[in-house]
2 protein chains.
Amino acid sequence: MNITTNNITINKSEASKINQIDFDNLVFGNVFTDHMFECDYIDGAWVNPTIRPYGNLSISPAAKVFHYGQAVFEGMKAFKDSNGDTFLFRPKENFNRINSSSKRMAIPEFPEDIFFEGLTTLLKLDKDWIKPGIGNSLYIRPFVIATQVGVSASPANQYKFMIILSPAQAYYTGDVKVVIAEQYSRSADGGVGYAKAAGNYGAQFYPTNLAKEKGFQQVIWTDANEHKYLEEAGTMNVFFRIKDSLFTAPTSDRILDGVTRKSVIALAKKAGIPVEVRPILVSEIVDAANSGDLKEIFGAGTAAVISPVSAFSYKEKTYTLPEMTKETKYATKFKKDLMEIQYNIAEDSFGWRYPVN
Amino acid sequence: MNITTNNITINKSEASKINQIDFDNLVFGNVFTDHMFECDYIDGAWVNPTIRPYGNLSISPAAKVFHYGQAVFEGMKAFKDSNGDTFLFRPKENFNRINSSSKRMAIPEFPEDIFFEGLTTLLKLDKDWIKPGIGNSLYIRPFVIATQVGVSASPANQYKFMIILSPAQAYYTGDVKVVIAEQYSRSADGGVGYAKAAGNYGAQFYPTNLAKEKGFQQVIWTDANEHKYLEEAGTMNVFFRIKDSLFTAPTSDRILDGVTRKSVIALAKKAGIPVEVRPILVSEIVDAANSGDLKEIFGAGTAAVISPVSAFSYKEKTYTLPEMTKETKYATKFKKDLMEIQYNIAEDSFGWRYPVN
Ligand SMILES: Cc1ncc(COP(=O)(O)O)c(C=O)c1O
Ligand SMILES: Cc1ncc(COP(=O)(O)O)c(C=O)c1O
């Protein structure tokens, strides 16, 4: 391993805590590696890119992030192949997206070179935390928070960009049952739904808890105006298979432009599976469920990759998706296709793999 | 002064920094008093209410507040009368509202007794920071943040409730010119707009910056569906005076139920001013501006009390409000009425004053 950087101050941890971690029993997003990356925005510039031991921040209780939610984040993963080489999956997409999220939240954009230099340097330092084996990965959380002090509602002039890393195992969501939103909503036209803005997530917890109390794990959000059109889940875009065609909602200012979503669309097209990206009425899906044409619903997102839905509830009625053999499920195919690219098993005809050397 | 509490641990600051503060040149929300109150939610209970010297928090970079915006706040003020006695204005409203905000953000509600005991104990300790004189006040910022570590999108099981205090002078906003929103929006039906959830504020910064670039200070938000109805401003509810009647939008799940708003409505009714609380079309206001019937627009909120609007822009046209003598303005009347109650000058026929002894 060769860590050279002229730009980043590196302050290594004295001892690794890796031996204290039970890698066979990881809870998603709870354990963090030895180091973290940070970079501050002060006087109009991103300065002092630093890697230091993972640990607490000292931050004012009046920092604007606490009061005005001026915060954005990303979620991406690093994978190790059987040779021990590390790969990212389409990281440029995440880089672009954090900046488009930042723009909407009046946060200064982050420079591409520092993003990639910080990220790859950090990954090299903590490379032992990326375990080989299909399903294992290192979840990467870049984020930006407003650190300027002030309890007046205006954009901060100081920010902190950080990257923290959390080892992850295959994320088995089990049978996901979802509720289609009829009353609550996730985002408005002209709002911030398309951004990975922190507040979008906290706002979903209460209605998601209500779904959980009824035995469902997630909510599929609908348009806030009429609750007629299907949009996306809390941290996943959603696909519907009717007969042999795939349907997913178009992205908009209400819907996150997911990397997994666009990868599934590309893989489907390559495989000759008909894909329609268009507004999807709840009533179409209910009709297709009633007629038996609705074969599959699945979520697509970095954390779980592909997450099959086994049932959905709408207007007090629960619709169960038909049993299908694993082999005939699109969900199985796309998960396999994606993971074979991610773990450097299959040919990377789209150029999605990004080696970390 | 008599500070007794059995429940709150008090750790006093060694020396006050009050002499370093230029009370004649305060920037709103930038200077904080000597102490702060905090209380943690751990294992299902609010524990360890503590007052300690104002200072930084040590907090994990993986705390959920940074990633999922699980955070709510309040804004209220303390006033000193000419005898040196301190009063709050309708604090029970703020207490109730922080809990209704918390509920929507899946944050556990805070107990009323600890809220008031923490608040009044803190105010007594830092009472020298409340300067007498009309216009001077102490801005009070209670807030709750999710402190549990974890980069998975689900509600935290640990929180911190805090109160910080910032001395404030009369808040002269000058001539406020506003833009009526045509494209961006603040909140959705079924969303969190009625809550003082942190993310609602950061989400407004970008469209407000666009307004500022055109020479306007604030945005008056409209409904996200059609941008046809007037809702509220960034941190103020809004009133319109057509001829001699007042109009303001009803509260809803998109609009904050402001304490100043409801106080203005009560004062107007008492004074025999006709008030209509009903959906207000943008087109009505434009028509009234064109016919000369639109006399005033003003914002109502804790920070500025009443903030007169001098002009608004809609569909690329700017409408200037008529010049009126100060004496004939409703804005002047309500500001005076409110402040005379707040500063213990007028009789408190509504029972809004809350003495801090
Ligand atoms: C709201 C939302 N939708 C969809 C996704 C899926 O996006 P991606 O595939 O880029 O992880 C995420 C997660 O990142 C999300 O937060
Ligand atoms: C969105 C919003 N509207 C209105 C108000 C005014 O409310 P209040 O009069 O209770 O301060 C505030 C400020 O608290 C606010 O944040």
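**Entry 1: a loop and a strand**

I started at A:Ala106, which I found in the loop between α2 (91-104) and α3 (112-125) of chain A. Helices (H or I, at least four residues) and strands (E, at least two) are DSSP runs, numbered from the N terminus. The model is predicted, so I note that local features need pLDDT of at least 70 and side-chain atom pairs pLDDT 80 or more, while totals for chains, interfaces and linings use all residues. Residues count from 1 along each chain as written, chains are lettered from A and ligands numbered from 1 in written order, and side-chain values use heavy atoms, without hydrogens or water.

What is the sign of phi at A:Ala106? I found it positive, about 60°, although A:Ala106 is not a glycine. I then checked its accessibility: A:Ala106 counts as buried because its relative accessibility is 16% (buried is under 20%, exposed over 50%, partly exposed in between, with a 1.4 Å probe and protein chains only).

I looked up B:Val305 too, and its phi is near 65°, again a positive value in a residue other than glycine. B:Val305 belongs to strand β18 (residues 305-314) of chain B. With 9% relative accessibility, B:Val305 is buried.

**Entry 2: ligand 1**

Next I clicked on ligand 1 and asked myself how many residues surround it. I noted 16, and the closest are A:Lys196, A:Tyr201, A:Glu232, A:Thr260 and A:Thr302 (a residue is near if one of its heavy atoms lies within 4 Å). In chain A, α5 (259-270) and β15 (294-301) each give at least two residues to this shell.

I then went through polar contacts (pairs of N or O atoms within 3.5 Å; within protein, one donates a hydrogen and the other accepts it, and sequence neighbours count only if both atoms are side-chain atoms). The side chain of A:Tyr201 has an N or O atom 2.5 Å from an oxygen atom of ligand 1. For A:Glu232, I read 2.4 Å between a polar side-chain atom and a nitrogen atom of the ligand. At A:Val259 the backbone takes part: one of its polar atoms is 2.8 Å from a ligand oxygen. I also noted that the protein covers 97% of the 380 Å² of accessible area that ligand 1 has on its own (Shrake-Rupley method, 1.4 Å probe; for residues, only the protein chains shown count as cover).

**Entry 3: ligand 2**

Over in chain B, I found 16 residues around ligand 2, the closest being B:Lys196, B:Tyr201, B:Glu232, B:Thr260 and B:Thr302. Which elements of chain B each supply at least two residues of the shell? My answer is α5 (259-270) and β17 (294-301).

I picked out oxygen atoms of ligand 2 as well. B:Arg97 has a polar side-chain atom 2.8 Å from one, and the side chain of B:Tyr201 places an N or O atom 2.5 Å from one. From B:Val259, a backbone N or O atom lies 2.8 Å from a ligand oxygen. Here the protein covers 97% of the 390 Å² of accessible area that ligand 2 has on its own.

**Entry 4: A:Arg186**

I followed the chain to A:Arg186, in the loop between β10 (176-180) and α4 (198-213) of chain A. Is A:Arg186 buried or exposed? It is buried, because its relative accessibility is 8%.

I traced where the A:Arg186 side chain goes. One of its polar atoms lies 3.2 Å from the backbone oxygen of A:Gly193, and the side chain also reaches the backbone oxygen of A:Arg254 at 3.0 Å. Beyond its neighbours within four places in sequence, A:Arg186 has contacts (heavy atoms within 4.5 Å) that include A:Tyr201, A:Trp221 and A:Glu232. I had met A:Tyr201 and A:Glu232 before, among the closest residues to ligand 1.

**Entry 5: two loops**

I found A:Asn83 in the loop between β6 (76-80) and β7 (86-89) of chain A. A:Asn83 counts as exposed, because its relative accessible area is 63%. I also looked at A:Asn344, 261 residues away along the chain: the two C-alpha atoms are separated by 9.5 Å.

In chain B, I stopped at B:Pro279, in the loop between β15 (275-277) and β16 (280-281). With a relative accessible area of 47%, B:Pro279 is partly exposed. Setting aside neighbours within four places in sequence, I listed its contacts as B:Tyr229, B:Pro250 and B:Glu284.
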